[in-house]
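Dear colleague,

I am passing on the structure we talked about, together with some notes on what turned up in it. Please have it open while you read, and go through the notes at your own pace.

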Amino acid sequence: MTPAAPAERLRVRLTVNGETVEREVEARRSLADLLRDDLGLTGTHVGCEHGVCGACTVLVDGRSARSCLLLAVQLPGARVTTIEGLTPPGGLSPLQEAFRACHAMQCGFCTPGMIVASTELLAATPAPDEAAIREALAGNLCMCTGYVNIVRAVIRAAAPGGRP
Amino acid sequence: MSEPGGRWVGAALPLKEDARFVAGRGRFLDDLGRPRLLHAAMLRSPHAHARIVRLDASAAAAMPGVLAVLTGADAAARSGPIRPLIPTTAAVPDYCLAVDRVRYVGEPIAAVAAVDRATAEDALERLRVEYEPLPAVVDPEAAMRAGAPLLYPELGTNVVWHDALTYGDVDGALARADGVLRERFAIQRYASTPLETFGAIAEYDPGTDAFEFWTNDQRPGLTISILAASLGVPQSRVRLHCPDIGGAFGNKRRPAYLLVCALLARATGRPVKWVEDRIENLTALMHACNGVMDVELAYRADGTLLALSVRDVADEGKNLLTPTQHNLIKLGNIANGYRIPAVRYEAWSVLTNKCPSGANRGIGKPFMCFAVERAMTLLARRLGLDPAELRLRNYVTADQMPYTTPTGAEYDSGDYPATLRRALERFDYAGWRAEQARARAAGRLLGIGIATSVEPAGTNLASYELVTGRRAASGSAEAAMVRVEPDGQVRVSLGDPSSGQGYETVVAQIVADELGVTPEAVSVARGFDSATTPWLYLSGNYSNKFSVTDVGAVVGAAARVRAKLLRIAAHRLEIDVGDLELRDGAAVVRGAPDRRLAIAELARTAYADVLGLPPGEDPGLEAHHIHQNPLARPVDADRRVRSQLVFANAAHCCLVEIDPRTGRIALRTYVVVHDCGRELNPLIVEGMVHGSTVHGIGAALLEEFRYDETGQLLTSTFMDYLKPTAADVPTIEVDRLEHPSPVTPLGAKGVGEGGSIPGPAAVANAVEDALAHLGVVVRSLPITPEQVWRWLGGS
């Protein structure tokens, strides 16, 4: 198969936040580009574009992924969940409520990625201890909070039995 | 002043803005669009120093989808030079793009506007540039020597400023002292690297010859003046908006980039957006100055400090906008909370072929504190004193407040000894000292670090007179507007756009108390809009200034609205104003709570039924106020100046454990006790302390913009410029004292920098403490595992 030219437009069909999406996109465009520019889902933020900061974290088939490092066209049939998809209509999820109650942010730019990464953690480990939380969030940089209130928020949202 | 019955100031109220941030509903610069928007990309120098021999833009300009190419020559023809904040000897013309010479790796030399970002970036590859490389000067001390390569040959030197300021009998003290500790310290380049990068949208309206900007620039007042001057339009035709700002820390400012967008917008007739990528951010936006400091600390045998003499070299890179800023801030904070009768500060501000230096959380104070607190720790060791005891013997004490330092800073309130004692208690200092001895016997390396600092707030720009010899901008002030809308709800705007400080909540708390309403009834405008926000040249989100200028502006504006509400109510109720109070959303007669007029009803009078107003009263319920901090003064005849104002303070105690096999440094415990006066919202305050402290930890152990000898930056991604992650740092434990400032309207002080200032010193002191028995002295940062491993004998 001949590789696509960077600007070549290819058709991709995937599921974003439960909705089927079909778009023609340039081969070089990232999943973050598709989400933000084409679908208007600007809750996914782009902080480094080289896969370190974690601001662009989304769930792809239930696992956290860097949407800045994935090309949109490499995800046919994938199920993508963004912060918008994790936000219940008309309210906030318990995890989001915990982030707010603990003031687990300042500027709010890392927050969607942090919540996505925390969602993955709590799905696999409903009652993580502090060390497990810190390890799970080590791929998401926050320049504001020193992580203290983020860890508190995840503990607050975790199932009873999570140890501080 | 808030009434004693104020209910909201001081409450740990969850933040209004957090509700949108957790749902991804913040509105940041890159989330904004405009109709027919173009996207810009910038070509940047690969050389640290080179002459631009030729730049051919024809192939790029001919590319489909490219609407305009702007070169340095175009920029110089179509805009004026960028006006510096500090007009030093280095006031050479500096345009938004390099014209004939590049002076650091990453300096922009051309820009392209295209239909999308990818096309713009593709076009950069078709710009043909011929460079003639020149010798680069990377080390600031080398740059000071005769014969060094010059960034600006027309200046004849790389030294922007050199001066020696002496306060008191320093030479006499050095001669008479029982001893003098002499040491040399160095600090690296680092930055707070907000997670959102810098960016802007510029739009030009040829019909009115007006520009409109959307940007996450954190200092809009100053920026508007620079943009208008360079673009040759009056400030009345420059409108600037700030949306949510994703962190700033001093870094979010570069008028040149806004000018590039503006010139492209004018050339194309379409709005132009540019968002910095992370490599551009790390390579070219803003670094804290690196530098070296020679310290002489004269003392008596009992540890009493007699004099401090400092020789300070600040490496500005190619900073023409704010050179000497780091120097002046250090001067104002040189005493660091101690009684030091005599002080000398000799300073050099030096240009090199590196990224422009500029404001970064604490500006110069982290290095000043590092030098003083390292010297204090070394002195304690020399005298056989406990490092806490030496500090306690030298602090300015509570009964000496207000206290004026030799350089003219005024410590307004606080109890520095009590702050350290509380920190020692919370940390269990005695317990860890015992554990350290036991661990040492077992071959484990534990180290305890203590560092304390003062934390000023607000910058008095008059201090630049020390450099320029004349006063231009001066003082410290901010503007606010409070308006009760016709429906009785309250709207507030502020000249300082939040970049994570929670203004929408804390300002609502302040206004709620003033007007007797709930914070829910108060909507504080997001960000900034120069057409609707009151502002002045000094407006912006910088210098820790919220508590010492912004709060006064908000309180002042609210007080005017409050007085008018009461006058209208008194007239309507035919009662004396003094018999009324505002509470529960109404003007209420004291002692007769059934006699009341709701604020919504008073607003109806003010806006609709204006014949019901008291005689002579203007309609409307809106007030502006600019608060000027009263401590700011001009430079005095002895060259003393309050370069910063209103002093908070903090004490840090931390414990590290070093792995003797690998040199790995693990922070096990970190305690901060701080005093920022009255806490307006403790939830915000505590978060600031956490985050600021982790900035200090990053500077101590991880972060460094490392250049090679040719001026190439070796750490230009987050793969090699390392930031602290959640797994690298412990929970920062915070406790507080609360000595209200007597000079701010609500008694609050600054809180954003009290971690980043002493943090590097605290961690360095801990690492040295763990290795002191091996003769280790920490003289520079960051302290890497490799360095520790070498100290431990590795090779």
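B:Gln712 counts as partly exposed, because 15 C-beta neighbours lie inside 10 Å of it, and a residue would need 20 or more to be called buried, or 12 or fewer to be called exposed. Please keep in mind, here and below, that this is a predicted model. B:Gln712 is found in the loop of chain B that runs between α19 (682–701) and β29 (732–736). Leaving aside residues up to four places away in sequence, B:Gln712 touches B:Ala48, B:Val105 and B:Tyr707. As for B:Ser79, which is 633 residues away from B:Gln712 along the chain, the C-alpha atoms of the two are separated by 30 Å.

The helix before that loop, α19(B), packs against helix α20 (residues 759–771) of chain B at an angle of about 50 degrees, and the two axes are 7 Å apart. The two helices are therefore oblique to each other, and their crossing is right-handed. On the side of α19(B), the contact is made by B:Thr693, B:His695, B:Gly696, B:Ile697, B:Ala699, B:Ala700 and B:Leu701, while α20(B) contributes B:Gly759, B:Pro760, B:Val763 and B:Ala764. Sorted by class, the residues of this contact are 7 nonpolar and 4 polar, with no charged ones.

The helix α19(B) also matters for the next topic, the contact between the chains, to which chain B gives 43 residues and chain A gives 41 residues. Which elements give two or more residues to the side of chain B that touches chain A? They are α1 (16–21) and α19 of chain B, and α19(B) gives the most, with 6 residues. By class, that side of chain B has 19 nonpolar, 15 polar and 9 charged residues.

A second pair of helices can be read in the same way. Helix α12 (residues 387–394) and helix α13 (residues 416–427) of chain B have axes that come within 9 Å and cross at roughly 160 degrees, which makes α12(B) roughly antiparallel to α13(B), since angles over 145 degrees are counted that way. The crossing of α12(B) past α13(B) is left-handed. Here B:Ala388, B:Arg391 and B:Leu392 in α12(B) meet B:Pro417, B:Leu420 and B:Leu424 in α13(B), and the residues of this contact divide into 5 nonpolar, no polar and 1 charged.

Finally, there is a sheet to look at. In chain B, 3 strands form an open sheet in the order β23-β24-β25, with antiparallel pairing. Why is one side of β23 (580–583) and one side of β25 (592–598) left without a neighbour in the sheet? Both strands stand at the edges and each has a single partner strand, so there is nothing in the sheet to pair with on the other side. Neighbouring strands of this sheet are turned against each other by 35 degrees on average, with direction ignored. Between β23(B) and strand β24 (residues 586–589) of chain B, the antiparallel pairing extends over 4 bridges, and B:Leu582 has B:Ala587 of β24(B) as its bridge partner. Helix α18 (residues 599–607) of chain B lies across β24 and β25 of that chain, and runs at about 45 degrees to β25(B).

With best wishes

Methods. Residues numbered from 1 in each chain as written. Chains lettered and ligands numbered in written order. Predicted model: local features only at pLDDT ≥ 70, side-chain atom pairs only at ≥ 80, totals over all residues. Contact = placed C-beta atoms within 7 Å. Pairing = 2+ DSSP bridges. Axes fitted to C-alpha atoms, helices over the stretch in contact; angles between N-to-C directions. Parallel < 35°, antiparallel > 145°, perpendicular 65-115°, else oblique. Left-handed = near helix turned anticlockwise from the far one by under 90°. Nonpolar A, V, L, I, M, F, W, Y, C, P; charged D, E, K, R; others polar.
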